Structures are given as structure tokens and as C-alpha cells.
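Work through the exercises below with the sequence and the 3D structure at hand, and try each task before you read its solution.

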Amino acid sequence: MSASSPSSASVSSASVSPDSPHNAPAAPAAPAGSSLARDAVRALRSSQIREVANAGFGVADVLPFWFGESDRTTPSFIREAAAQALTRGDTFYTHNLGIAPLREALARYVSALHGPTSADNIAVTSAGVNALMLAAQLVVGAGDRVVAVTPLWPNLVEIPKILGASVETVSLGYGERGWTLDLDALLAALAPGTRMLMINSPNNPTGWVMTRDEQQAVLAHCRRHGIWIVADEVYERLYYGEAGELAAPSFLDLASRDERLICVNSFSKAWLMTGWRLGWMVAPRTLMDDLGKLVEYNTSCAPSFVQQAGIVAVEQGEASTRALVADLRASRDHLAAALARLPGVDVKVPHGAMYLFFRLAGAERSLDLCKSLVREAGLGLAPGSAFGPQGEGFVRWCYACDPARLDAGVERLARYLERGADQQGAR
Ligand SMILES: Cc1ncc(COP(=O)(O)O)c(C=O)c1O
């Protein structure tokens, strides 16, 4: 039974007058402490990263590496563009799909990276997470079957469930080469009748990057069976490939713009704009009228002065994005080398995103371990189980910060592991 459906204990209609709205039958009272939300909403997983952070309340000195964001502020030329837009009075609603100059700037940006793309295929959204929700609202409904590749940032798995869809997961494997995809297992899971594939590459949390051959095979299969692909490519620029490669392999490199593909992107990662809530999607133009309606009923539009800053980010931000990626690559290598020297750590160096997702002795119950790390060592890491059961045994460390802070964090982890070894030795 739905939590909001009337129960047999509801107020008797005989006791109220039917002609006054103020006397409408009272909704049944919820048992103390229980939620009146729909079953699907109550069944959503809550954030385990938040749970670890809560365990650290009251701990004076915590080094936080648990969230997926850099410790740097947005570059000043982008902040100034927003300030100027505000000073000009750019404070009004915009078109549902975004202001035309931003859609055109994004079309040029996407075209340069992935081949010809029209502004008619671009919609501006209130960051990547809103783009994911809109994409799901466009194509899935109650009872639909969705497939997702995990370990995965939980939002991609939970969003379709809000809409009443069921989500089947296919796990990446972990071995000598780090995280890899079992392509046959994924294709088998994408059985006829599947409505949508949710796939994120470069991947949060593992840093796994899907190869072009894998994308080609998945695209061909999904075309054959009419399955929508929602590709979350928000980390596409945080890619550490061969010199000269500016972005990770993208489904946009392979697909036409008017087939069943929605590519989600964001200003949060490549331009350090997490708090601005600005993103976009590339989608078939035949979806755009319906997408406009959904944007209207979700957010109406992204903030106008934020969109103005987005134009400046896209048009003038290339040098700062490249510098950021160079720094992230150095931080990744620095942290991976330091962690590899610790006993009980099994770390591989991934080619994308901004995380090391490594196996750690004692992390078989990673949530408990991460709570203990924050309380006893002042070290904030994300538990692998936050990204699905396939992540158990691992922890995630976001390395988008100053190398000196990474060193201080490694030092704390080393001392914590030593204390654990001493305690075992003393037993
Ligand atoms: C895989 C993935 N997709 C999407 C997002 C959404 O980011 P935002 O909503 O800030 O654009 C994130 C944020 O961490 C992410 O890790």
C-alpha cells in the first residue's frame, strides 16, 4: 500500500460537511515518526557519504576528501562575468531551454570536441544532476526497466526509481588493469524491452573510462533494440589520455544527433562551478519541445546571470580547463604513489575523473571504516558501499586539492593503519 493512500483508520466522511473545502475529510494521521512520502521515495537510498560526514560532527580537525569537488574557487574571469551580469540587472526568467547565446556557444564547444552539433540539439539545465533527472523524465516511466553500470554515483541509480522504474546493475570488474567492463555481461543485461541504459564515463567513483570500441558495441546493440542511452559525461574533460586528447571517448563521437542518445554535461567539473548549478544536455531536436515542458515544471530555467557566466566559461575557459587537468593529473599521480607505499592499500591509477577508488584492508565494511577514520584519524573518505554493493571493500578519495593536503591526509591514514597493526600485534 502506498504510504499516502487512505487507511481504514481514516476519518469518517459522515462527520464532515461535504460543501465546505475547509471541512474536507482530514488526511489520515501518520504514525509518529513515519513518513507520508510515496513508497518509491521512501525506498530511496540516503547518502552514505553524508552519514560519514555526520559521524565527524564535533571532530575539530577533519581533512575532507569525501565530496566530489575541488578545493579551488571558480576562476575569477567567470565570477566577474556573473557579477557584471547581475550589475546589468540580468535577473529575469529565461527561455526554458536556455538563452540563445549560451546554446550557440555550447554548440560550438561540443562541435569542436565531438563533431557538428546544432544549438537546436542543446538544452541548458540547472547542472548535471537536473539534466539526469530531465533525461529520465523524458524517457522512463513506472514499470520500465533501466540498466546501469556500477559502482556508480548513486544519483544515476536512484533517479529512475523516483519515476517508478526498476534498475538492474551490471558491475565493472576489478583486477590488475584496474576497473574494466565485461561487455558481454552488459549486452546481455540490455535485453530487448529494456528502456534505458544509464552509463557514466569517466566514472565516479572508479575513474574507469569506457573505450571507443565498447561504446561502438553498446551503441550498435541499443540501436538494434531501440534502447535509450543516457550518457553522463560530466567528467569528459578530466581525462588523462595521450597528449593532445582533449576529452574522453564520447558517444557523441559515434552517434548522430537525432537518435536515442542523451548526453549529460555540466559546468561543475571542467570550470570548477559546482555551486553555480549549470549544465546542459545534447539530445535529439525532436525531444526539445517536450523537454521544454519538463524544464518548465521542474525549474523553469537556469538562473539568467549564471547562464551569462556560462558563455564566458565556454568561450574563454579553455586555458584554465587545460591547466586544471594538468594539475589534477599531477595530484592523481602524487596521491597514488603515496598510497601505494602504505601496507594494506591496493591502488590502481585510472585515466579519468578526480578520484582514487582503492581497496583498503579493513574496508570490508567500508561505511564503518570511514566513520572510524573520520572520528579517530580526522580523515574524511567516502565509503565504497555508497556507490553500490559492488564498491564494498573500497574507499574513494577525491584528489582535487593541494598536494600538501593530500600528504597530510596520507600521513593520517598511515598512522591509523599503524595503530590498527599495533593493536593486532598486542592481541
Ligand atoms: C557522475 C556524476 N554525474 C553528475 C554529477 C552532477 O554534477 P552537477 O549536478 O554538479 O553538475 C556528478 C557530481 O558529482 C557526478 O559525479
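**Exercise 1.** Find the stretch that UniProt annotates as a domain, and describe its make-up in this predicted model.

*Solution.* Begin with the record: an unreviewed UniProt entry places the feature "domain: Aminotransferase class I/classII large" at residues 72–413. Next, turn to the secondary structure, where the chain over residues 72–413 is 41% helix and 17% strand. Finally, look at the two ends of this stretch, whose C-alpha atoms are 23 Å apart.

**Exercise 2.** Describe how domain 1 and domain 2 of the domain assignment meet.

*Solution.* First set the bounds, which are 48–73 + 319–416 for domain 1 and 88–316 for domain 2. The contact then takes 26 residues from domain 1 and 28 residues from domain 2. On the side of domain 1 that touches domain 2, the elements giving two or more residues are α11 (318–340) and β12 (355–360), and the largest share, six residues, comes from α11. Sorted by class, the residues of this side are ten nonpolar, ten polar and six charged.

**Exercise 3.** Explain why the largest nonpolar core lies between the two domains.

*Solution.* Start with the members: the core has 131 residues, and those touching the most other members are A135, L197, I229, V230, V264, M281 and Y399. Helix α5 (residues 127–139) supplies the largest share, nine residues. Because domain 1 and domain 2 both give residues to this core, it lies between them.

**Exercise 4.** Which residues come nearest to the ligand, and which classes make up its shell?

*Solution.* Of the 13 residues around the ligand, A127, G128, V129, S266 and S268 come nearest. The shell has four nonpolar, eight polar and one charged residues, and α5 gives the most to it, with three residues.

Technical notes: Residues are numbered from 1 along each chain as its sequence is written. This is a predicted model: local features need pLDDT of at least 70, side-chain atom pairs count only at pLDDT 80 or more; totals for chains, interfaces and linings use all residues. A nonpolar core is a set of buried Ala, Val, Leu, Ile, Met, Phe, Trp, Tyr and Cys residues joined through C-beta atoms within 7 Å. A residue is buried if 20 or more other C-beta atoms lie within 10 Å of its own, exposed if 12 or fewer, and partly exposed in between; C-beta atoms are placed from the backbone. Helices (H or I, at least four residues) and strands (E, at least two) are DSSP runs, numbered from the N terminus. Domain bounds come from an automatic or database domain assignment. A residue is near a molecule or strand if its C-beta atom, placed from the backbone, lies within 6 Å of it. Ala, Val, Leu, Ile, Met, Phe, Trp, Tyr, Cys and Pro count as nonpolar, Asp, Glu, Lys and Arg as charged, and the others, Gly among them, as polar. UniProt positions are given in the numbering used here, feature names are shortened, and annotations may be inferred rather than shown by experiment. Two residues are in contact if their C-beta atoms, placed from the backbone, lie within 7 Å.
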